[in-house]
Amino acid sequence: MLMFAIIVVVSGALIVGALWGLYGHLPAWLEGNLLAIAGGALMISVVIELVQPSLTDSGIWLTAAFTLLGALVFAGVDYLIDEKLNSKGGAGLLAAITLDGVPENLALGVSLISGNVMQVAALAGSILLSNLPEAAGGAKEMRKAGNSHKKILMLWIGAAILLSLAAILGKMLLADVDKSILSAINCFAAGAVIASLATEVFPTAFKRDNHWAGISAAIGLIMALGLSQLGG
């Protein structure tokens, strides 16, 4: 029951964020700060919860290779969406959340196997913190691009369902998988997250709130670091 509650809350944040983007009226500076906080939290979380364990379990070469692969795949898909398919207006953030979210939620499912509540909270909290403002920003840009509210909500609900399934599969199917495979999944997720932070999250936060975004990113990093320390 706890597993499903965590998965529903983390993935449901996409829907809540989309609703916030469609119907909310927060000032741009506040949205920018929240997005920067989320980016800072996710930045340290991927290092501590995904990359560092993989480095310990599988070594530098596998860690480096799959982290780079995740970044390359995300950057390639993002390039196709923005440049070749001419689909801006929030599609980049939707792609970011979906592409890095699938392996990321697989990793969340695997972390649920360990039973360490605080370690699960550290990873889940960072994902949740990033999902809300990212979905809000993506939905708002989609609305500006002329998409209907119904279409936008259906897209984000679909993303939430997909990521929920990824977390459930991570819990059910990867419990007995070799550590090297889990390391590859975690590092691919980390690479995709890093690329999305560089190309989508931090540029958007800076655009909305200028230089204060850097301070907010540091605050988010410290918050996620604190959660990780509680997890031991």
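## Overall fold

The protein chain has 7 helices and 0 strands, so read from the N terminus its elements simply go α-α-α-α-α-α-α. Keep in mind that this is a predicted model.

Of the 232 residues in the chain, 50% are buried. Contacts lean heavily on residues that sit far apart in sequence: among those with a separation of 6 or more, 85% join residues 24 or more positions apart. As for the outside, the accessible surface comes to about 10700 Å², and carbon and sulfur atoms account for 73% of that area.

## The nonpolar cores

The largest nonpolar core holds 15 residues. Which of them touch the most other members? That would be A36, V46, L50, A190, V193 and A205. Three helices each give two or more residues to this core: α2 (28-84), α6 (179-209) and α7 (212-230). Apart from it there is another core, this one with 13 residues, including L22, A135, W156 and A160.

L50 is a handy place to zoom in on the largest core. Leaving out residues up to four places away in sequence, L50 touches S45, A107, N186, A189 and A190. One of those partners, A190, is also on the list of core residues that touch the most other members.

## Around L155

Next stop is L155, which sits in helix α5, spanning residues 149-173. Is L155 buried, partly exposed or exposed? Its relative accessibility is 37%, and because buried means under 20% and exposed means over 50%, L155 counts as partly exposed.

Once residues up to four places away in sequence are set aside, L155 touches L94 and M142. There is also a long-range pairing to look at: L155 and A18 are 137 residues apart along the chain, yet their C-alpha atoms are separated by 9.5 Å.

## A nonpolar patch on the surface

Which residues make the nonpolar surface patch of about 430 Å²? The four are W212, I215, I219 and M223. If you want to pick one to click on, try I215, which is found in helix α7. That helix is also among the elements that give two or more residues to the largest core.

I215 has a relative accessible area of 44%, so it is partly exposed. A residue needs over 30% relative accessible area to join a patch, and the 44% of I215 fits that cut-off.

Terms used
Residues are numbered from 1 along each chain as its sequence is written. This is a predicted model: local features need pLDDT of at least 70, side-chain atom pairs count only at pLDDT 80 or more; totals for chains, interfaces and linings use all residues. Side-chain values use heavy atoms; hydrogens and water are left out. A nonpolar core is a set of buried Ala, Val, Leu, Ile, Met, Phe, Trp, Tyr and Cys residues joined through side-chain atoms within 4.5 Å. Buried means under 20% relative accessible area, exposed over 50%, partly exposed in between (1.4 Å probe, protein chains only). Helices (H or I, at least four residues) and strands (E, at least two) are DSSP runs, numbered from the N terminus. Contact means heavy atoms within 4.5 Å. Accessible areas come from the Shrake-Rupley method with a 1.4 Å probe; for residues, only the protein chains shown count as cover. Patches are made of residues with over 30% relative accessible area and no salt bridge: like charges are joined within 9 Å, nonpolar side chains (Val, Leu, Ile, Met, Phe, Trp, Tyr) within 5 Å. A salt bridge is a side-chain nitrogen of Lys or Arg within 4 Å of a carboxyl oxygen of Asp or Glu.
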